[in-house]
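Here is a report for a reader who has not met this structure before. Look at the sequence and the model, then read on.

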Amino acid sequence: ETVNLGIYNNGEVVIICKVEPDRRVRSNIEVGEREPLYATALGKQFLSEFTKDKVREYFETVQLKKLTENTIVDLDKMYEELKKVRMNGVSIDNQEYSEDLICTAAPIYNYENRIERGVSICKLYYNALHLWPTYDCESAPERPLNSLGRTAIKIFTRQQAVLGDAT
């Protein structure tokens, strides 16, 4: 599993920090990488704060690409997806940005109760099936974080406390 910390910047997610497992097989997400909001778990966190009109405007202005078979490029399907994000507090990228990669993201709020950052945990789909033979993306948010995820969140939280709004 790889844990990423991302921020919203000009209609995209920018990865600002990541923690990787000590294994050969890892995700290929890099610090500084820019990712589309519509195809990533982190991006859906930021989209979930948009009004319906702002989501529609985003869909009309961004060049939507079907990055994988699962990428959501239909506005009505995205409205439904964002409804789930708001209800559950977490978002899922079920092989939407990259085939064979599943990510779950949660928001990090600022003092105004607005999403300032997001943290995601990404796992290769094969490994998710290996660990959870009945893996279901709808129930994934209910699964507890592993030690890497908990450690990464502690690191990110400490970083934010030390750096404050400077990050």
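Val31 sits in the loop between S2 and strand S3 (34–36). This is a predicted model. Val31 is partly exposed, at 49% relative accessibility. Which residues does Val31 touch, leaving aside those up to four places away in sequence? They are Ile15, Ile16, Cys17 and Lys18. The C-alpha atom of Val31 also lies 7.8 Å from that of Val14, and these two residues are 17 apart along the chain.

**Nonpolar cores**

In soluble globular proteins, nonpolar side chains tend to be buried together. Here the largest nonpolar core holds 23 residues. Leu37, Leu47, Val55, Tyr58 and Met78 have the most contacts inside this core. At least two core residues come from each of S2, H1, H2, H3, S5 and S6. H1 gives the most, with four residues.

Take Val55, one of the residues with the most contacts in the core. Beyond residues up to four places away in sequence, Val55 touches Leu47, Phe50, Leu75, Met78, Tyr79 and Leu82. A second core stands separate from the largest one and has six residues. Among them are Val3, Leu5, Cys17 and Ile108. Cys17 was met above, as one of the residues touched by Val31.

**Two helices in contact**

Helices H2 and H3 pack with their axes 11 Å apart, at an angle of about 135 degrees. That angle makes H2 oblique to H3. The contact is made from H2 by Lys52, Val55, Arg56 and Phe59. From H3, it is made by Leu75, Met78, Tyr79 and Leu82. The crossing of these two helices, H2 and H3, is right-handed.

Val55 therefore belongs to two parts of this account: it is among the core residues with the most contacts, and it is in the contact between H2 and H3.Met78 is likewise named both in the core and in that contact.

**Salt bridges**

How many salt bridges does the structure hold? There are six. Three of them are listed here, with the N to O distance for each.

| Side chains | Distance, N to O |
|---|---|
| Lys44 and Glu81 | 3.1 Å |
| Arg114 and Glu49 | 3.4 Å |
| Arg56 and Asp53 | 2.9 Å |

Start with Lys44 and Glu81, whose side chains meet in a salt bridge. Lys44 lies in helix H1 (residues 41–47) and Glu81 in helix H3 (residues 75–88), so the pair ties together parts that are 37 residues apart in sequence. Are these two residues buried or exposed? Lys44 is buried, at 0% relative accessibility. Glu81 is buried too, with a relative accessible area of 14%.

Next come Arg114 and Glu49, joined at 3.4 Å. This pair links distant parts of the chain, 65 residues apart. Arg114 is in the loop between strand S5 (101–109) and strand S6 (115–124). Glu49 is in the loop between H1 and helix H2 (52–61). Arg114 is partly exposed, at 43% relative accessibility. Glu49 is partly exposed as well, at 27%.

The pair of Arg56 and Asp53 stays within one helix. Both residues lie in H2, three residues apart, about one turn of the helix. Arg56 counts as partly exposed at 33% relative accessibility, and Asp53 is partly exposed at 48%. Salt bridges that share partners also join Lys44, Glu81 and Glu96 into one network. Arg56 has a further place in this picture, as one of the H2 residues in the contact with H3.

**Two positive phi angles**

Two loop residues remain. Asn10 has a positive phi of about 50 degrees, although it is not a glycine. Where is Asn10 found? Its place is the loop between strand S1 (2–9) and strand S2 (12–19). Asn10 is exposed, with a relative accessible area of 69%.

Asp100 is the other case. Its phi is near 75 degrees, a positive value in a residue other than glycine. Asp100 lies in the loop between strand S4 (91–94) and S5. At 45% relative accessibility, Asp100 is partly exposed.

Key:
Residues numbered from 1 in each chain as written. Predicted model: local features only at pLDDT ≥ 70, side-chain atom pairs only at ≥ 80, totals over all residues. Heavy atoms only, no water. Salt bridge = Lys/Arg side-chain N within 4 Å of Asp/Glu carboxyl O. Buried < 20%, exposed > 50% of the residue type's maximum accessible area, 1.4 Å probe, protein only. Core = buried A, V, L, I, M, F, W, Y, C linked by side-chain atoms within 4.5 Å. Contact = heavy atoms within 4.5 Å. Axes fitted to C-alpha atoms, helices over the stretch in contact; angles between N-to-C directions. Parallel < 35°, antiparallel > 145°, perpendicular 65-115°, else oblique. Left-handed = near helix turned anticlockwise from the far one by under 90°.
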